[in-house]
Amino acid sequence: QGAMTRRRQYGEVANLLQGVVNVLEHFNKYMGIPQIRQLSERVKAAQNELGQQILADFEEAFPSQGTKRPGGPSNVLRDACLVANVLDPRIKQEIIKKFIKQHLSEYLVLFQENQDVAWLDKIDRRYAWIKRQLVDYEEKYGRMFPQEWCMTERIAVEFCHVTRTELSKIMRTRAKEIEVKLLLFAIQRTTNFEGLLAKRFSGCTLGDGTVKKPEVPPPSTNPFLEDEAGTETDEIVIEKSDAEKPKKPKAPDNPFHGIVSKCFEPHLYVYIESQDKNLSELIDRFVADFKAQGPPKPNVDEGGAVLPSCADLFVYYKKCMVQCSQLSTGEPMIALTTIFQKYLREYAWKILSGNLPKTTSSSSGLTITSLLKEKEGSEVAKFTLEELCLICSILSTAEYCLATTQQLEEKLKEKVDASLVERINLTGETDTFSIVISNSIQLLVQDLDAACDPALTAMSKMQWQNVEHVGDQSPYVTSVILHIKQNVPIIRDNLASTRKYFTQFCIKFANSFIPKFINHLFKCKPISMVGAEQLLLDTHSLKMVLLDLPSIGSQVVRKAPASYTRIVVKGMTRAEMILKVVMAPHEPPVVFVDNYIKLLADCSTDTFQKILDMKGLKRSEQSSMLDLFRQRLPAPPSGAESTGSLSLSTPTPEQESSRIRKLEKLIKKRL
């Protein structure tokens, strides 16, 4: 064996050595026998000598110092590798390390930091260089190393590690020169290269050094020989057209993903800052467009127009998110989320809230008090048709933004690293859109409410004690109905796409209008019997109109939502009961008081006092009535106050005169 080694007959040596090693393994448990131990030590010594000689042979063929060109492949070295396979694994590792270092030594010189070609704008040259090297290696040395050593892949991987270190160094030095277009260009070329590695190699040399069975593609399909079409032009440019380009999703099964491109992560703030700037400009453009084009035109056919700008904003967001997730799913995604939040709030305030029509000359926006202080009885400044449509449009847009922001949050959580999911939270922004929605509804309610105020004031100013006969509905009722018929259909048509907010509008209006109507009823004093009958007729007319309010003026009659109907029935029935009590004779007092308690189930002396005022009773009569009222009050049920809702199911007591029944017949006939 020694003679063969000296003659470099490594092929025979490899076979013999493998045999000896196998035999010695059988004798492992007999190492206590001196002869066997000596034999084993002689084999070890021979192996060491062999290893050193093989390393020397490789050093001579591929000198790591000096200018001597590396030698060509040789059968001797090929067989030497087979021997190395049987020797201590460190010999094989040393051969691999030396060869790769020698193979990449030119790279470090050509792409030194001070070379023009080392900068990001010439990053393609690095990948072109290694592609040539690998083709060259395959041709010259492909058969010299055993296939399972995966040498081509090892060279490529070492190139990646070196490139990552070198790029990190140069980018740290020249950080000020990295602008976003250059950065994205470099990242894209790098991820293209990483994709190419995945096509060509299995990644078996990555990780813990355990070698997976390499899948060796047939030599004819070496992608390094293929020219990648279009690499010179497909850089990522942050422009509109990019949104339409199909994106290469980050392939999670690419074992080489990030092997070089990880070095760009510390510089992604450049990308985030550029998105900040772009979004700021986008919002400014939306503001300018809105000023230039004015509010959206009334849109009766399709329901409220969602402002087109909000779709543009989310399309841009989606593009940024996809792009950023390809660059990194770590901290930069969190930074991008913060930018997204900032511009969602800007959009809510500048485009939505900022364009809600003001209800007063003051800039405070949602105050309507100055309108109510206008001369009583005069018409109040109402929103125009355009303004009503604009409010509905802003409401619909805010609802779209609310729903889309929730989806955006989900998508961001899907894309970001699992450890960072907790840091993504857009509830503050969805709340902001909710505020815009409720402000919009409030404006619509206040507008209709204020329009009805003069009519209610007129009602309380009428001389109800002088009414001599019951006629048609009073002019103030006609006025309220007119305002409802003017506003509600516009609002309903413009909120057709967001039915639940139309229902909210109806409920809020009923909750605002009915208590106000009752307060004005109490101001109608004193009232004659006939006056009370007229008011009861008017109240019934209003009740019917309010019940019909959600579908007023609509071809399609839909049943009003039950939640709304309950509010109207409860409130307006209370108004009717108040009038029925007023109409009841106050003699004998006990019957009157009990009738009041039964009809109104309202234990407050304040309300009772108001009813006595409406009847026009003298102070002396009132005080004895109040005493009686306090005595007759039922004890409150234990644990709870009695509520007004009892009154709804109370039957009409016999004290009610037949005049009321006649009146109701008259109402039915008229309706």
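A residue is called buried here when its relative accessible area is under 20%, and by that cut-off Cys392, with a relative accessible area of 0%, is buried. The model on screen is predicted, and the stops below move from the whole chain to individual side chains and back to a helix.

Begin with the whole protein chain in cartoon view, where there are 22 helices and zero strands. Colouring by accessibility would bring out a second overall feature, since buried residues make up 48% of the 671 residues in the chain. Contacts between residues with a separation of 6 or more can be considered next: 80% of them are accounted for by residues 24 or more positions apart.

Now select the cysteines, starting from Cys392. The closest cysteine sulfur to that of Cys392 belongs to Cys389 and lies 6.5 Å away, which is too far for a bond, given that a disulfide requires two cysteine sulfur atoms within 2.5 Å. The structure as a whole holds zero disulfides. Cys506 can be added to the selection as another buried cysteine, with a relative accessible area of 1%.

Turn next to the aromatic rings, of which a search of the whole structure finds 24 pairs. Select Tyr107 and Phe159, whose rings form a tilted pair, with 4.8 Å from centre to centre and 50° between the planes. This pair links distant parts of the chain, for Tyr107 belongs to helix H5 (residues 89-110) and Phe159 to helix H7 (residues 151-173), the two residues being 52 residues apart. Tyr107 is buried, at a relative accessible area of 1%, and Phe159 likewise counts as buried, at 0% relative accessibility.

For a contrasting geometry, move to Phe608 and Phe629, where the ring centres are 4.3 Å apart and the planes meet at 10°, so the pair is stacked. Phe608 sits in helix H20 (residues 605-615) and Phe629 in helix H21 (residues 619-632), so this pair ties together parts of the chain that are 21 residues apart in sequence. Both Phe608 and Phe629 are buried.

Return to Tyr107 and widen the selection to Phe111, Tyr127, Trp129, Phe159 and Phe193, because ring pairs, meaning rings with centres within 6.5 Å, link these residues and Tyr107 into a cluster.

Which residues does Val117 touch, not counting those up to four places away in sequence? They are Leu110, Phe111, Lys122 and Arg125, and Phe111 is also a member of the aromatic cluster just selected. Val117 itself is found in the loop between H5 and helix H6 (123-141), and at 16% relative accessibility it counts as buried.

Select Trp119 together with Arg174 for a different kind of arrangement, in which Arg174 lies over the face of Trp119 at 4.0 Å from the ring centre.

Another loop residue to pick is Ser202, which is found between helix H8 (180-200) and helix H9 (269-293). Its side chain reaches the backbone nitrogen of Cys204 at 3.1 Å, and Ser202 counts as buried, with a relative accessibility of 19%.

Finish with helix H10 (residues 308-327), which has 20 residues and reaches 29 Å from its first C-alpha to its last, close to the 28 Å expected at 1.5 Å a residue. Showing the surroundings of H10 completes the view: 15 of its 20 residues are buried, so the helix is largely enclosed by the rest of the structure.

Terms used: Residues numbered from 1 in each chain as written. Predicted model: local features only at pLDDT ≥ 70, side-chain atom pairs only at ≥ 80, totals over all residues. Heavy atoms only, no water. Phe/Tyr/Trp six-rings, centres within 6.5 Å; stacked < 30°, edge-to-face > 60°. Helix = DSSP H or I, 4+ residues; strand = E, 2+ residues; numbered from the N terminus. Buried < 20%, exposed > 50% of the residue type's maximum accessible area, 1.4 Å probe, protein only. Lys NZ or Arg CZ within 6 Å of the ring centre and 35° of its normal. Polar contact = N/O pair within 3.5 Å; in protein donor to acceptor, adjacent residues only side chain to side chain. Expected span 1.5 Å × (residues − 1). Contact = heavy atoms within 4.5 Å.
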